[in-house]
Amino acid sequence: MQFRYGTTVTRVETAHGRATGVVTADGEFVPADVVVLNPDLPVAYQELLPERRQRRLTYSPSCVVLHVGSTQGYGKIAHHNIHFGRSWKGTFDEVIRRGELMTDPSLLVTNPSRTDPSVAPAGKHTYYVLAPVPNLDRAPFDWPGDLTDRYAQQLVGTLEERGYVGFGDGVEVLRAVTPADWAAQGMAAGTPFAAAHTFLQTGPFRPSNLHRTLGNVVFVGSGTQPGVGVPMVLISGKLAAARITGEHR
Ligand SMILES: Cc1cc2nc3c(=O)[nH]c(=O)nc-3n(C[C@H](O)[C@H](O)[C@H](O)COP(=O)(O)OP(=O)(O)OC[C@H]3O[C@@H](n4cnc5c(N)ncnc54)[C@H](O)[C@@H]3O)c2cc1C
């Protein structure tokens, strides 16, 4: 078994209805008996496989994540903290139906250095702030423009209003990851949460982990069955292994 880290696959080679191997970004052909594809499934179909046609899917909302290095600590928060706005249903309408940014944000704030101080310099702190936002299909915002800075400042202001006194003043490093970054990493509709778990995209209706025509191409990851999240993705790996060994056809 050989792992090749940092190697991008640009295409799956096929012959006579089967995959014969993959081609890497530097042009090397790597032969294979079976090809297991982990990229977001629509992207795998569009960019790596010969058959470009793919079922139209509805995607999950996306998120903006702020990674913050700070001088400011908060004694009363936990490792994971969820701060709900009052407008719970309204937030879903804004992000999912209307394609707007939350006006009364519900946020996840994680404070890794609280549990493990070694992840920050002595006496300093790390935070991760996750804000749900529309995916790029729903609202193709110009994230690489100054929207990202404005939105990051807005989120910092919201945290200060919710009790994180002096959060903005404590910031030493701030890196914002937006739907444009998720899209650049090869995630369809700029969301890291793949196809939405609507009824017709869940269970047996979710895109299959077997390729329609290439008998030795198997999919894993959140875009295929059973779905999104680390436990589900691990099950998709188990299903893929069973497909390959013939245990589950
Ligand atoms: C901010 C955030 C918070 C989350 N929180 C949680 C949580 O609390 N609990 C939970 O269960 N889940 C959570 N999730 C979701 C969970 O992380 C994902 O569902 C899961 O990691 C998806 O796994 P995957 O294997 O489908 O994709 P990935 O983990 O994205 O793996 C895909 C891999 O394929 C590689 N790749 C793509 N294209 C190519 C190519 N052409 N050539 C070579 N390699 C390629 C990528 O580099 C990547 O390493 C969160 C996700 C995010 C973004």
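## Ligand between two domains

In this predicted model, the ligand lies between domain 1 and domain 2, because both give residues to the shell around it. The domain assignment splits the protein chain into domain 1 (9-58 + 194-245) and domain 2 (62-184). Domain 1 is thus listed as two segments. The centres of the two domains, taken over C-alpha atoms, are 32 Å apart.

## The shell around the ligand

The ligand is surrounded by 16 residues. Pro39, Pro192, Gly221, Gly229 and Val230 are the closest. Two elements, β5 (62-70) and α7 (230-245), give two or more residues each to this shell. The largest share comes from α7, with three residues.

What is the make-up of the shell by class? It has 10 nonpolar and six polar residues, and no charged ones.

## Nonpolar cores

The largest nonpolar core has 18 residues. Within this core, Val64, Leu66, Val129, Ala131, Val133, Leu155 and Leu159 touch the most other members. At least two residues of the core come from each of β5, β8 (125-133) and α4 (143-161). β5 also gives two or more residues to the shell around the ligand. Leucine 159 touches Val109, Val129, Tyr164 and Phe167, leaving aside residues up to four places away in sequence.

A second core is separate and has 14 residues. Among them are Val12, Ala19, Tyr45 and Phe219. In soluble globular proteins, nonpolar side chains tend to be buried together.

Key
Residues numbered from 1 in each chain as written. Predicted model: local features only at pLDDT ≥ 70, side-chain atom pairs only at ≥ 80, totals over all residues. Near = placed C-beta within 6 Å. Helix = DSSP H or I, 4+ residues; strand = E, 2+ residues; numbered from the N terminus. Nonpolar A, V, L, I, M, F, W, Y, C, P; charged D, E, K, R; others polar. Domains from an automatic or database assignment. Core = buried A, V, L, I, M, F, W, Y, C linked by C-beta atoms within 7 Å. Buried ≥ 20, exposed ≤ 12 C-beta atoms within 10 Å, placed from the backbone. Contact = placed C-beta atoms within 7 Å.
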